[in-house]
Structures are given as structure tokens and as C-alpha cells.
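Visitor: I am new to reading protein models, and I would like to understand how the words used for them are justified. Could you take me through this one step by step?

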Amino acid sequence: MKDFILGLIMGIAELLPGISGGTIAAISGRYEIILKSASDIISLKWTKKSLKIIISLLTGMMISILLLSKILSFIFNKYPEYSYGIFTGLIIGGLLYLLKRVDIKRKYNFLITISTFIIAFAFLSYIKNIENSSGNINFWYLIFGGIIAVSVMVLPGVSGSSMLLIMGLYKPVIESISKFNFNIIIPIGIGIFIGLIFIIKILEHFMEVFHDQVMSFLIGLTIAGMVIIFPITSKWLTYVFFIIGIFLSRYFEKILNN
């Protein structure tokens, strides 16, 4: 039951840009157990215990996502600028969590962060311009988004939904879940499947051997994304929501740490 409840909370965290489900798992003290269980299942070496843990988690997460997707889709369509404001604030909360987990002042970590920022900013700007001009989302980009989202999801730090928001995919994905639009759900699902099968094992190894480098990469990616999506508007209330988002993220982390 505790893994099911944890799954509910992780589902909420993954649906809202900000602190990731991986962060929730880490704070709960079950991060290593969950990652090991997922790795065992992917390696076809699962036990009854590992299977029970993952099924309970996934069930809780799916319930959260299905119940909240319609609400979030409505809010995003009705108040897009305010939504971007509070979501960007939540992402900054996740970024502050990342910064506490790595010594960014070290030369190598700093270079990785800066390099990632430059490359990610150029790539995301290019993708955003294509989407604005065509109005369509590329099938392969959706698959890529699914891979990135599920990969980030397993790491303590920024959530998978934060990456979808940064990549311009959050709104269409949330809407597709609430309306069961399989034209978007299927490629995102394929990306998630690929990420789960191939990426988790790689990340498990990289987090053990190159922890600071992985965290530095995520910091650079997150900063680039925030620059892209930050709402520049004359509506001052948007910036109020931005500040609220930061405080909510910090308050949420404080509660979980108690």
C-alpha cells in the first residue's frame, strides 16, 4: 500500500512541472529500491517483491495522471500565461534542488553546464520556430520527448513534465491524455517504452560513475528550457504566479523532507 500511495504522489509530481517523481522517491528513502526493482524487471531478473513494487507504483501514478490531466488541460487552455508563470516557478524549485546536489563551481561541471545550455538553447529555439511555423508536432519529436521525459523522471531533480514543457510538448500531451488522442499518446508511449527499456540501465550506470556530470547536464538543459519558455508579458499577475511557483516548490520539498 505504501508504494501505491507513493505512486499517487509521484504521479502528481510528474504531472506538474517542478520536482520530479525521482525526487519524491529519493526523499521517501525508496529511490534505490525502486531503481533496482525497475532495473531487475528490465533485465528479466525480477522477483515477486520487485514486481509488486513497480506495479503498485505504476498503478498509483496512472490514477493520478488520468484524474488530473483534464483539470490541468482546462487550466492551461483557460489561463496559458498564468500557467507558464507558475510552472516556470516550480521548475526553478527543481533547479535549486539540483544545484544542491552538485558542486557547480568545479571547472568540469561548470563547462558541462554551459555547453549543455548553449546546445540545448539552440536546439529548442530551432524546434520552437518549426512548430510555430507549421503548427504540427513531428512524430519522431514526440518519441524523442517520451524518451527524454521518462529518462529525467527516474533522476532526482527536474520532472519529466518539466522537460515536456521545455520542449513545447506539455500542453499537447496533457490534452491528448484527457481526450484520449492516440495520435499523440502512441508516439509518446513508444518513446517512454524505449526510454524504460534502454535508458534506465544506462542512467543507473551513469549515476553511479558520473553523478556530477549527469547533474550538470540536467542543470544546463533546465536553464536553457526556462529561458525559452519564460513568459514575457505585460500581465503582472503572471510574475506573481511565477513567484508563487517558486515558493510552492520550496515548501513542497520542505514538507517532504520532514
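Guide: Gladly, and please keep in mind that this is a predicted model. Let us begin with a single residue, Y97, which has a relative accessibility of 9%.

Visitor: Why is Y97 called buried?

Guide: Buried means under 20% relative accessible area, and because Y97 has 9%, it counts as buried. Its place is in helix α5, which covers residues 80-99, and its C-alpha atom is separated by 10.0 Å from that of I219, although the two residues are 122 apart along the chain.

Visitor: What makes D212 partly exposed rather than buried?

Guide: The relative accessible area of D212 is 22%, and since partly exposed covers the range between under 20% and over 50%, D212 is placed in that class.

Visitor: How do you know that R106 and D212 meet in a salt bridge?

Guide: The rule asks for a side-chain nitrogen of Lys or Arg within 4 Å of a carboxyl oxygen of Asp or Glu, and the side chains of R106 and D212 are paired at 4.0 Å, N to O. R106 lies in the loop between α5 and α6, while D212 belongs to helix α11 (residues 211-229), so the pair ties together parts that are 106 residues apart in sequence. By this rule the count comes to 1 salt bridge. As background, side chains of opposite charge can pair when their charged atoms come close.

Visitor: Why is helix α9 described as largely enclosed by the rest of the structure?

Guide: Helix α9 runs over residues 170-179, and 8 of its 10 residues are buried, so the description follows from that count. Among the buried residues of α9 are Y170, P172, V173 and I174. Just after α9, F180 takes a positive phi of about 55°.

Visitor: Where does UniProt place the feature "transmembrane region", and how much helix do such spans contain?

Guide: The unreviewed UniProt entry lists several spans under this name, including residues 53-76 and 209-229. In the model, residues 53-76 are 100% helix and 0% strand, with end C-alpha atoms 33 Å apart, whereas residues 209-229 are 95% helix and 0% strand, with end C-alpha atoms 32 Å apart.

Visitor: How many helices and strands does the protein have, and what percentage of its residues count as buried?

Guide: The protein has 12 helices and 0 strands, and of its 258 residues, 48% count as buried. About 13,400 Å² is exposed, with carbon and sulfur atoms supplying 72% of that area.

Methods:
Residues are numbered from 1 along each chain as its sequence is written. This is a predicted model: local features need pLDDT of at least 70, side-chain atom pairs count only at pLDDT 80 or more; totals for chains, interfaces and linings use all residues. Side-chain values use heavy atoms; hydrogens and water are left out. UniProt positions are given in the numbering used here, feature names are shortened, and annotations may be inferred rather than shown by experiment. Helices (H or I, at least four residues) and strands (E, at least two) are DSSP runs, numbered from the N terminus. Buried means under 20% relative accessible area, exposed over 50%, partly exposed in between (1.4 Å probe, protein chains only). Accessible areas come from the Shrake-Rupley method with a 1.4 Å probe; for residues, only the protein chains shown count as cover.
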